[in-house]
Amino acid sequence: MLVTKVETPRTYPEFAPEALYSKVKHAIPPFEWPIYAQDIDAIMKLKSSRNAVVLAHNYQTPEIFHCVADIVGDSLALAREAMNVDADVIVLAGVHFMAETAKLLNPSKTVLIPDRGAGCSLADSITPADVRLLRKTYPGVPIITYVNTSAAVKAESDICCTSGNAKKIVESLGVDRVIMIPDEYLAQNIAKETGVKIIAWHGHCEVHERFTAEEVRQLREDYPGIVVLAHPECPPEVVDASDYAGSTAGLLEYVSTKKPPRLVLLTECSMSDNVAVQYPDLEFIRPCNLCPHMKKITLGNIRHALENMRTEVTIDAAIADRARLSVERMLAVR
Ligand code: 13P
Ligand code: SF4
């Protein structure tokens with residue numbers, strides 16, 4: 001699992017806007033930079049005075065990802081790193097289920113989400129009552145829950161998984177049948193890789209479900225030699241038409257090791273922007289889809305979160321204890 005630590009120091013004596021801008025200049029137009037620079041300067045100082053860190057998902061925009069984040073990564077990396085954070089305050093630049101996971105693993109720390117409305121179509125697709133019904137319908141079949149769910153749904157589950165470890169989690173249970181909720185496409189994509197039978201739910205990611213196999217065919221025709229990398233939340237026929245599928249960290253690892261000269265990442269738009277900052281010599285083709293939830297997080301509301309210590313993520317203790325078990329069981333699988 002690739003965890004990228006951004007070289008932003010924990011104490012911020014001097015903000016060097018020119019040096020920082022030269023790093024992101026291909027992703028941020030010069031006329032936007034002065035506005036961002038003010039917020040970046042303020043966030044650096046606030047992180048210092050509040051003893052805070054910013055954890056940012058790979059889908060955050062470059063001015064967040066490259067300029068104020070202390071730790072960046074996929075859902076699995078953020079969950080793992082949340083446990084090792086040496087700070088009083090965690091600002092989660094990502095969506096609500098990620099902030100809840102950070103809180104589950106850091107009950108004594110203050111976890112802030114800059115916009116409480118940053119949700120996820122997968123998390124919204126299933127309720128705790130749905131999970132209880134599944135358990136009744138399939139007695140004895142273990143329930144694996146994707147981290148893209150509420151803490152209340154995790155609390156009804158046996159173990160969590162992410163797109164980075166789903167196959168490993170399925171196979172770790174030593175059974176011939178599992179329930180994997182709520183992403184139908186992730187379940188179908190993993191089912192192709194394992195002999196374990198997977199019972200799926202009907203949730204979809206509103207971003208990845210929009211990619212089509214026809215789009216992949218057209219990309220190959222328009223851009224000869226293109227390497228197509230897909231997230232496993234894409235429909236199975238899209239994954240089948242691609243050269244590789246993996247979590248956002250898996251996609252980054254593929255790019256950093258193979259360095260395909262011309263490529264497309266079938267995932268959220270900011271992922272390509274962020275990876276292109278690191279690999280400016282590669283040609284990224286970008287028919288990406290935006291996640292409206294991830295895009296609710298901005299430099300402005302990160303600054304506001306730290307200034308006002310809002311919005312704090314809290315989880316009912318009875319739910320948190322059971323949800324934490326599901327996440328910890330996942331993290332214990334190596
Ligand atoms: P990753 O765990 O691969 O980063 O995916 C999270 C997500 O929300 C994808 O849409
Ligand atoms: Fe949820 Fe899809 Fe957005 Fe990821 S990209 S947070 S799965 S809606």
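Reader: How far apart do the C-alpha centres of domain 2 and domain 3 lie?

Author: They're 25 Å apart. This is a predicted model, where local features need pLDDT of at least 70 and side-chain atom pairs count only at pLDDT 80 or more, while totals for chains, interfaces and linings use all residues. Residues are numbered from 1 along each chain as its sequence is written, and chains are lettered from A and ligands numbered from 1 in the order in which they are written.

Reader: Where do the domain bounds come from?

Author: From an automatic or database domain assignment. That splits the protein chain into domain 1 (4-119 + 294-308), domain 2 (123-205) and domain 3 (208-285).

Reader: What makes a residue part of the contact between domain 2 and domain 3?

Author: Two residues are in contact if their C-beta atoms, placed from the backbone, lie within 7 Å. On that basis, domain 2 gives ten residues and domain 3 gives 13. The domain 2 side that touches domain 3 has three nonpolar, six polar and one charged. Here Ala, Val, Leu, Ile, Met, Phe, Trp, Tyr, Cys and Pro count as nonpolar, Asp, Glu, Lys and Arg as charged, and the others, Gly among them, as polar.

Reader: What makes H5 roughly perpendicular to H15?

Author: Helix H5 (residues 96-105) packs against H15 at an angle of about 95°, with the axes 9 Å apart. Angles run from 0 to 180 degrees between N-to-C directions, and the axes are lines fitted to C-alpha atoms, for helices over the stretch in contact. Under 35 degrees counts as roughly parallel, over 145 as roughly antiparallel, 65 to 115 as roughly perpendicular and the rest as oblique. So H5 does come out roughly perpendicular to H15. Thr-101, Leu-104 and Leu-105 of H5 meet Ala-320, Ala-323, Arg-324 and Val-327 of H15.

Reader: Why are E7 and E9 called edge strands?

Author: Each pairs on one side only. Two strands pair if DSSP finds at least two bridges between them. Helices (H or I, at least four residues) and strands (E, at least two) are DSSP runs, numbered from the N terminus. The open sheet has four strands in the order E7-E6-E8-E9, with parallel pairing.

Reader: How do you know that E6 and E8 pair?

Author: Strand E6 (residues 143-146) and strand E8 (residues 177-181) share three bridges, in the parallel sense. Ile-143 stands opposite Ile-179 in E8.

Reader: What puts a residue near ligand 1?

Author: Its C-beta atom, placed from the backbone, has to lie within 6 Å of the molecule. 13 residues surround ligand 1, and the closest are Asp-74, Ser-75, Ser-163, Ser-247 and Thr-248.
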